[in-house]
Amino acid sequence: KHKYQVVEVRKNRYIKLVSDPSIVTMLKVFKVPVKVTVEFESKFSEDKKTKVHSCLTLEFKSKIAASFAKLMRTEEIWQAHLEEEMKNGLRIIEFAE
């Protein structure tokens with residue numbers, strides 16, 4: 001779980017959220033601190049469709065923790081987290097409109 005703070009907003013275009021350092025548990029034993037940044041950028045096209053791009057950035061406390069996460073092959077977990085945040089971002093954008 002992450003508690004995000006909105007740190008930047010460009011109306012109808014961009015939202016940046018940053019989490020306080022959170023503890024991520026790997027293999028139900030290892031607890032690794034990580035700071036997460038989520039960015040949403042929306043682009044409007046002439047056919048009145050909106051495209052939303054999302055980027056999830058992970059900042060581990062140390063290189064050892066980052067290496068351990070790679071070793072444990074956590075990419076799929078973070079991809080799933082990005083998809084979850086994308087859905088949350090769409091709700092934010094819908095609410096803002």
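**A walk through the chain, starting at K3**

Select K3 to begin: this residue is exposed, with a relative accessible area of 64%. Here exposed means over 50% relative accessible area, buried under 20%, and partly exposed in between, using a 1.4 Å probe and protein chains only. What you have open is a predicted model, where local features need pLDDT of at least 70 and side-chain atom pairs count only at pLDDT 80 or more, while totals for chains, interfaces and linings use all residues. Residues are numbered from 1 along each chain as its sequence is written, and side-chain values use heavy atoms, with hydrogens and water left out.

**Around K3**

K3 lies in the segment before β1. Show its contacts (heavy atoms within 4.5 Å): leaving aside neighbours within four places in sequence, you'll find V18, S19 and D20. Now add R91, which is 88 residues from K3 along the chain; their C-alpha atoms are separated by 17 Å.

**Zoom out**

Colour by secondary structure and you get two helices and five strands, in the order β-β-β-β-β-α-α along the sequence. Helices (H or I, at least four residues) and strands (E, at least two) are DSSP runs, numbered from the N terminus. The C-alpha atoms fill a box of roughly 50 × 25 × 20 Å along the principal axes. Of the 97 residues, 27% count as buried.

Next, colour by pLDDT, the predictor's confidence in each residue, from 0 to 100. The chain's mean is 80, and 93% of its residues reach 70 or more. Among the elements, strand β1 (residues 4–10) has the highest mean pLDDT (89) and helix α2 (residues 75–96) the lowest (73). Where pLDDT is low, the predicted coordinates should not be read in detail.

**V7, in β1**

Select V7, which sits in strand β1. Is V7 buried, exposed or partly exposed? V7 counts as partly exposed because its relative accessibility is 46%. Not counting residues up to four places away in sequence, V7 touches K16 and V18. For a ruler exercise, pick S67 as well: V7 and S67 are 60 residues apart in sequence and 28 Å apart in space, C-alpha to C-alpha.

**S19, in β2**

Hop over to S19, found in strand β2 (residues 14–19). At a relative accessible area of 3%, S19 is buried. What does S19 touch, once residues up to four places away in sequence are not counted? The list is H2, K3, Y4, V34, K35 and V36, so K3, our starting point, turns up again.

**The β3–β4 hairpin**

Now select strand β3 (residues 22–26) and strand β4 (residues 30–44), which pair in the antiparallel sense over five bridges. Two strands pair if DSSP finds at least two bridges between them. To see the register, look at S22, which stands opposite V34 in β4. Three residues separate the strands of this hairpin, and L27 in the turn has a positive phi of about 60°.

**T37, further along β4**

Stay in strand β4 and click T37. At 10% relative accessibility, T37 counts as buried. With residues up to four places away in sequence left out, T37 touches K16, L17 and V18, and also C55, L56 and T57.

**Last stop: charges**

Show the charged side chains: there are 19 positive and 14 negative, and the centres of the two sets lie 4 Å apart. Lys and Arg count as positive and Asp and Glu as negative; His and the chain ends are not counted. Each charge is placed at NZ of Lys, CZ of Arg, CG of Asp or CD of Glu.
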